[in-house]
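Me: I would like to learn how to read burial, strand pairing and helix geometry from a set of coordinates. Could we work through one example together?

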Amino acid sequence: MGIAHQRFYFFPAAAPTLPPLLVRVVRPTAPNAAEPAVEFAEALADAKAGALAWAWSGAGGPPAPLGDFSPHLDDQDPQDAELLAFHGRTLELWWTAEELLPASFAIGPGADEEAFWDWLAASRDDDAFVARLRRPATRIAVRLVTEADARLVDTPLLLVDDVDWLTADEFAHLAHGGGLAALTARPPATSPAVTQAEFRAAKLALVERALAHDLAHGDRRSAAFRASELARFDPPAALALIERLAGSLKRKDDRKGIVWALAYALHRLRREPARADLLERWRAASDALRSDILAELARLDRYP
């Protein structure tokens, strides 16, 4: 999978009195065509999960996970809310695995077992995988651990949601120069507690510096695609960037790609009140570029 997604790692209980850990991390976006980037994205997810489990298990080193699981989650779905919580806690979930391959497992919510299997069918578009899982599922208590449950904000390069947020030198150091191992050589601190504002600021800083690099090198296409990332953390800044790019295209620019990217960013900003003012101004201006963006936006907005 090339796009960023939530991945859950299951770590067996470190002691009989402790619950097993379900560690949630972001596996960052990486272009499928660039094998080194994909390999690094996988390594980063694995390293973060190990570091978080180490911090919460009290073990003498990073524990080994039984396996990992990547369901499709929707932050608008109440069933997924407990799995997507900012901070983790002890949860009662359903667990099942393949009979001969315990590392191939599924875990998730459900008021009863039937509700769990319905949730699983909806969250994994893989009927063959679901068919191989053992029935009945087992109700278990786990401690959900998230990236905000330890101070990864103190090593923000671990928090990239896209490999492209890294500079070339950072990528080379982390992927091939031992940098990732160095960043996870000790368990991260679990206090003081990370706030949502602190976590958001760390992510925003990573996006802002990547965007500054795009603009400094006149890469308006990359900056346009960056607008949708900026929209997650700073909607007013994203709207300002969209306005800036729509008024600064050059003949050599990838107009088609930029049109789609800016329309997608505006689509992601559909709940931002200030978007309506920008769209009203653009409809009044009615120049070709803005008209094309509005047309693409109309298509995207049909599918919330």
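The dialogue below takes the strands, then the cores, and then two helices.

Me: What should I keep in mind about where these coordinates come from?

Reply: This is a predicted model, and side-chain atom pairs are counted only at pLDDT 80 or more.

Me: How do I judge the setting of a strand, and how many residues of strand E2 are buried?

Reply: One begins with the accessibility of each residue, where buried means under 20% relative accessible area. In strand E2, residues 21-27, seven of the seven residues are buried, so the strand is largely enclosed by the rest of the structure. The side chains can then be sorted by direction: Leu 21, Val 23, Val 25 and Arg 27 point one way, while Leu 22, Arg 24 and Val 26 point the other way, and all of them are buried.

Me: Which strands pair with E2, and in what sense, parallel or antiparallel?

Reply: Strand E1, residues 5-11, runs antiparallel to E2 and is joined to it by seven bridges, with Phe 8 standing opposite Arg 24. Strand E6, residues 138-145, pairs with E2 in the parallel sense over three bridges, and here Leu 21 stands opposite Arg 143.

Me: What else pairs with E1, and how many of its residues are buried?

Reply: E1 also pairs with strand E3, residues 67-69, in the antiparallel sense over three bridges, and the partner of Phe 8 in E3 is Phe 69. Six of the seven residues of E1 are buried, which leaves the strand mostly covered.

Me: How should I read a polar residue in such a strand, for instance His 5 in E1?

Reply: Accessibility and contacts are best read side by side. His 5 counts as buried because its relative accessibility is 11%. A polar atom of its side chain lies 3.1 Å from the backbone oxygen of Ile 3, and a polar contact of 3.2 Å joins the side chains of His 5 and Arg 7. Leaving out residues up to four places away in sequence, His 5 touches Val 25, Val 26, Arg 27 and Ser 70.

Me: What is the general idea behind a nonpolar core, and which residues touch the most other members of the largest one here?

Reply: In soluble globular proteins, nonpolar side chains tend to be buried together. The largest core here has 65 residues, and those touching the most other members are Val 23, Phe 40, Ile 242, Leu 266, Trp 282 and Ile 293. Helix H1, residues 35-57, gives the largest share of this core, 10 residues. Apart from it lies another core, of 24 residues, including Phe 10, Phe 69, Phe 116 and Leu 133.

Me: How do I check the geometry of a helix, and where is the kink in H7 centred?

Reply: One compares the expected span with the distance between the end C-alpha atoms. For the 14 residues of helix H7, residues 220-233, the span should be 20 Å at 1.5 Å a residue, and the end C-alpha atoms are 20 Å apart, which agrees. H7 nevertheless has a kink of about 30 degrees, centred on Ala 227, and Ala 227 is among the buried residues of the helix.

Me: Against which helices do the buried residues of H7 and H9 pack?

Reply: In H7, 10 of the 14 residues are buried, and the buried ones pack against helices H6, H8 and H9. The buried residues of H9, among them Leu 262 and Leu 266, pack against H7, H8, H10 and H11. Leaving aside neighbours within four places in sequence, Leu 266 is in contact with residues including Ile 242, Trp 282 and Ile 293.

Note on methods:
Residues are numbered from 1 along each chain as its sequence is written. This is a predicted model: local features need pLDDT of at least 70, side-chain atom pairs count only at pLDDT 80 or more; totals for chains, interfaces and linings use all residues. Side-chain values use heavy atoms; hydrogens and water are left out. Buried means under 20% relative accessible area, exposed over 50%, partly exposed in between (1.4 Å probe, protein chains only). Helices (H or I, at least four residues) and strands (E, at least two) are DSSP runs, numbered from the N terminus. Two strands pair if DSSP finds at least two bridges between them. A nonpolar core is a set of buried Ala, Val, Leu, Ile, Met, Phe, Trp, Tyr and Cys residues joined through side-chain atoms within 4.5 Å. Contact means heavy atoms within 4.5 Å. A polar contact is a pair of N or O atoms within 3.5 Å; within protein, one must be able to donate a hydrogen and the other to accept it, and residues adjacent in sequence count only if both atoms are side-chain atoms. The expected span of a helix is 1.5 Å times one less than its number of residues. The bend at a residue is the angle between axes fitted to the seven residues ending there and the seven starting there.
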